Amino acid sequence: MIEIRRFFQQAFLYYKEQYIHFSFAEILSFKMALPVFILLYYCMAARYGFNSPPLTRWVVGNSFLLCTYQCLFALGHTFSSERFNGRLRTLIVAPHHKLAVSLEKSFFYIFEGLVTSAFGLLCGSLIFGISFAGVDMLLFVTVLVSGMIAAMGFGLFLSAFGLVSDSMHLILNVVYSAMLILCGANFPIADLPAPAQVLSYMLPLTRSIEGANMLFGTVDGARLLSLLAQELGVGAIYAILGYITLKICEKVAIRRATFEMF
Amino acid sequence: MNLRILASTMLVQMKHSFARPVFKLCMLIAPVADTILLYYMFRHSGRADFGMYVVLGAGLTSLWETILFSSMGDINRERYNGTLSLLFGMPTRFPLILLGKIIGNTILSFATLIISYITAYVLFGITLTVNSAGLLAAALLLAGVSFVVVSQFTAYALTLSRKTVVYMNCLNFPIFLLCGFAFPIEILPAWALPISYALPPTWAVRMLRMCFAATIEPALFGQYALILIGELVLFALLARLLFIVIDRQVRIHATLEVF
């Protein structure tokens, strides 16, 4: 019981620490206005590139991708931020499990990711006049949550590399760029060459974006269920890979003893 | 003397910037990724000049990203390393050092346009025809100056802030969007157009596009150049005024080493 309470206390402290020196207006502009600008940019590019199509698929796809700021960057920087602040050495010798550290740091970001995506979707819908009439909202939220879970698993996997690498910013940005191209948020995956399509389906969010888009048209129940199961499967695989990688990276990090180098 | 300081600051800055992984990401990887993304987004447009939008769009977004994250980030790095106050107290004026840093970053950042073109040519066979090499050189020069002036203005504004990272992230996409790096600003809502017109890079982008268009209108090119120069003078004056205010605030608050 004490461990559970400590988990939540620690998670809250980590989260609060990120925002304590910001004013409310700054948080609002960074967490709300910036995602809206990102969404607008890709939707306007799509409007130009696809000759003013209905922008539903771009609003949905890019809203889903907005959660990567939390799932990918916040979680991915779990250990690199500790390295930057010179605390990685202390953290690595602490009896606390490193997976617990990752989970504590990411716990509140799950909700923040959901809020960001939902807010992006709301703003995108209002700006571009997208109607949710006829969309099963319960199913939509389920698809959104499954996408977040998969993205969190992926973020957990990537965060492990922060124990051995001082270039997490580079790694995470390359992964983010790849997701922009490969997840099907900005153009159909079928346009990509076959090897790139394989990569697309190895990434989180690809299936949830496809599922969410399906909800705005004809819903194939079996296909949607399959997409949801696959998305959760992808998240679970990355979470397991993350656990294994964390163990390996922890050993490598101790052997190298370069915790304070960057 | 000033020119020598400016040149040496530029040179050191270019070496430092290129040593940073994130700068390499913005300069070498981002234009490749952006070119691929914009190609797949624009290939269905049916426009004969979509290749130009792909190359310039990807090149300019990466260029701005590189300048923004290096020039604004430098203020933050100097603060974190405790050297920002030293820069302010040196006999050489802070604006000169900052200008050297920004020009250095801007020169390096222009590589994004070349990388974007190479990517578009190698992967998708896109070729661009230049109408007039002279006008292109003028457009590139004015584009460079416009990025330097806007960056200098922004860097001054962020000198006092301890949250530079947040602000520079917030400045990225609005500029992409409002300056029409990847698409013509005419597709933006009417209320957004005055803001677009007030930003110098908007005119630089128009001039660059004109150099690769099927036909070039020298009179219109000249008109854009005049508007751009006018806005640059205004921005430079505003930056100068802003620095006077910031300089005074820096000396009153004395928080340059507070991180």
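Student: In this predicted model, how do the residues of the lining of the second largest pocket divide into nonpolar, polar and charged?

Tutor: The lining divides into 5 nonpolar, 6 polar and 5 charged residues. The pocket itself has a volume of about 390 Å³. Of its 16 lining residues, B:V12, B:Q13, B:H16, B:E78 and B:K101 are the closest to the centre.

Student: What makes B:E78 and B:K101 charged, and B:V12 nonpolar?

Tutor: Glu and Lys count as charged and Val as nonpolar, so B:E78 and B:K101 belong to the charged class and B:V12 to the nonpolar class.

Student: Which elements give two or more residues to this lining?

Tutor: They are helix 1 (2-19), helix 3 (50-80) and helix 5 (94-109) of chain B. Helix 1 of chain B gives the most, with 6 residues.

Student: Turning to chain A, why is A:S125 called buried?

Tutor: A:S125 has 9% relative accessibility. Buried means under 20%, so A:S125 meets the criterion. A:S125 lies in helix 7 (residues 98-128) of chain A.

Student: What makes the approach of the A:S125 side chain to the backbone oxygen of A:L121 satisfy the distance limit for a polar contact?

Tutor: The side chain of A:S125 reaches that oxygen at 2.4 Å. The limit is 3.5 Å, so the distance criterion is satisfied. Leaving aside neighbours within four places in sequence, A:S125 is also in contact with A:V59, A:I130 and A:F132.

Student: Which element of chain A has the lowest mean pLDDT, and which the highest?

Tutor: Helix 5 (residues 78-84) of chain A has the lowest, 82, and helix 10 (residues 194-200) of chain A the highest, 95. Chain A averages a pLDDT of 88, and 99% of the residues score at least 70.

Key:
Residues numbered from 1 in each chain as written. Chains lettered and ligands numbered in written order. Predicted model: local features only at pLDDT ≥ 70, side-chain atom pairs only at ≥ 80, totals over all residues. Heavy atoms only, no water. 1 Å grid on protein atoms, 1.4 Å probe; cavity = no way out; pocket = protein on both sides within 12 Å on 5 of 7 lines; lining within 4 Å. Points joined across faces, edges and corners; volume = space filled by probe spheres on them. Helix = DSSP H or I, 4+ residues; strand = E, 2+ residues; numbered from the N terminus. pLDDT = per-residue confidence, 0-100. Buried < 20%, exposed > 50% of the residue type's maximum accessible area, 1.4 Å probe, protein only. Polar contact = N/O pair within 3.5 Å; in protein donor to acceptor, adjacent residues only side chain to side chain. Contact = heavy atoms within 4.5 Å.
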